[in-house]
Amino acid sequence: MDQGSLLLHFARNGAFGPGGADLLVLERGEGPYVFDSQGRRHIDGLSSLFCCQLGYDYGEEFAAVASEQLRTLAFNTNWGTATRPAIELADKLAGLAPVGPGAKVFFTCGGSEAVEAAWKLIRQYHLANGEPQRTKAIARDIAYHGVTLGALSLTGVERFKTPFGPPAIDTTHVSNTTIFRTGKSEAELTADLLSEMEEAIEAAGPDSVAAIFAEPLQNAGGCIAPPAGYWQGLREIADRHGILLVADEVITGMGRLGHWFGCERYDARPDVVTIAKGLTSAQVPMGAAIVGEAVAAPLYEDKATLLHGVTFGGHPVAAAIALRNLEIFERDGVLENVRAQEPHLRARMEELRELPIVGDVRGAGFFWAAELVKGDPDRRFDAAERERLLRGFLPGRLLEAGLIARPDDRGDSVLQIAPPLICDGGVLDEIVDRLYDVLADAGRFMGVVGESAAVA
Ligand code: PLP
């Protein structure tokens, strides 16, 4: 099957169809499994791009919620009016978000929009404080913050950016928190990263920087955790320079790391957080920028107008579904499940290190990556080898194994998993067992068969 008239996102659109690759067309879901148009069953080891936190068994319940809302009030905007589900959801999120009491919530339709809404709210804050010159941002290498033109400025993957001209936001990219290969202790890494951040701010001009953007645990590059003290250091630097700190929780938010927000795990205290994906468990699109009380305060001053809006932001059907999603998290112990299963998943993922092609295993919660190397951490795959391995071999082999996982080389070569948060130990075993087999075959395919292996 090819894709007909459909343009596939971040895909080689000409690759599918007769004589080409097998396009995976998904038709239905059940628990952590999805079934394709040929009736094959796959474990959704990626929660449909980090979105389907609850897997696929809650359709009836969400359908009832959507049906009720559609019959009552299908739509109204948040442009100077409101709906009950949007107000209730904002209150709920304000109570959960790690930005202190009195948080305010701006709804969007996805993650890139959430990041851009955060940026505009931040700009309005600085303007209201008499600091219009704060127009710059700091973000991190390889980090992905979205690809609409504002968010793209913050994204640190050069090849996604260069075709589209000068960035909308003047952004300096600093090192991410990768510890693998550095030979540093966590304390040394933290100290080096914080002094690099300080230098970047000095170079940009401390009073011209509006915000620092970072994910609690960075996705692109392969589940890169912060070293101890990093987020506390960022907080201190941001405070000292009057800069706002943003935690982009589009992936880590809503349970991926076993907490409502990934910030909780690292005791991070941002001024602003962005969420999307898991907010509705992707039953419908929705995102949000959540700002602390102080950031929102100027918006409540006499005649101040929030100069941003998206028609569908806070759509009542999406809000009603998000509310039920959060209710299900509480009712069915979803965060508790992630926390209870994490040690098991971690131990199983660590087994992958037995394979010479696996140089590192890293992650947290239900979010893990194996970094792929040529039998030795210092021997990375080059561009031609990555093409063979990540775009040639792995997609087909994963398909054959009935496992959805993500080969990626925005940074180094990794294979990532992010299982639905409802998976029990048995399903997690099934995922890691298949991953093991696929990677063992990948090693053989690439000629990485022993410690002294040379790549074919
Ligand atoms: N921020 C982060 C951390 C993300 O991972 C993503 C998408 O994966 C985005 C922003 C952009 O979200 P969206 O694709 O919904 O626009």
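Begin by selecting strand 1 (26–30) and strand 2 (residues 33–36): 4 bridges join the two, which run antiparallel. Strands (E, at least two residues) and helices (H or I, at least four) are DSSP runs, numbered from the N terminus. Two strands count as paired if DSSP finds at least two bridges between them. This is a predicted model, in which local features need pLDDT of at least 70, side-chain atom pairs count only at pLDDT 80 or more, and totals for chains, interfaces and linings use all residues. Residues are numbered from 1 along each chain as its sequence is written, and side-chain values use heavy atoms, with hydrogens and water left out.

Within this pair, highlight Glu 30, whose bridge partner in strand 2 is Tyr 33. Next, add strand 3 (41–43) to display an open sheet of 3 strands in the order 1-2-3, with antiparallel pairing. Strand 1 and strand 3 stand at the edges with a single partner strand each, so one side of each lacks a neighbour in the sheet. From one strand to the next, the twist averages 30°.

Now select helix 14 (residues 425–446), which lies across strand 2 and strand 3 and runs at about 95° to strand 3. For such angles, axes are lines fitted to C-alpha atoms, for helices over the stretch in contact (heavy atoms within 4.5 Å), and the angles run from 0 to 180 degrees between N-to-C directions.

Proceed to Cys 51 and Cys 52. The sulfur of Cys 51 is 6.1 Å from the closest cysteine sulfur, in Cys 52, too far for a bond. A disulfide is a pair of cysteine sulfur atoms within 2.5 Å, and by this rule the count comes to 0 disulfides. Cys 51 is buried at 13% relative accessibility, and Cys 52 is buried at 8%. Buried means under 20% relative accessible area, exposed over 50%, and partly exposed in between (1.4 Å probe, protein chains only).

Helix 4 (residues 111–128) is the next selection; its end C-alpha atoms are 26 Å apart, in agreement with the 26 Å expected for 18 residues at 1.5 Å a residue. The expected span is 1.5 Å times one less than the number of residues. Because 13 of its 18 residues are buried, helix 4 is largely enclosed by the rest of the structure. Gly 130, with a positive phi near 75°, follows helix 4.

Finally, centre on Pro 226, in the loop between strand 7 (209–214) and helix 8 (230–241). Pro 226 is buried, with a relative accessible area of 12%. Not counting residues up to four places away in sequence, Pro 226 touches Thr 177, Pro 216, Leu 217, Trp 231 and Tyr 266.
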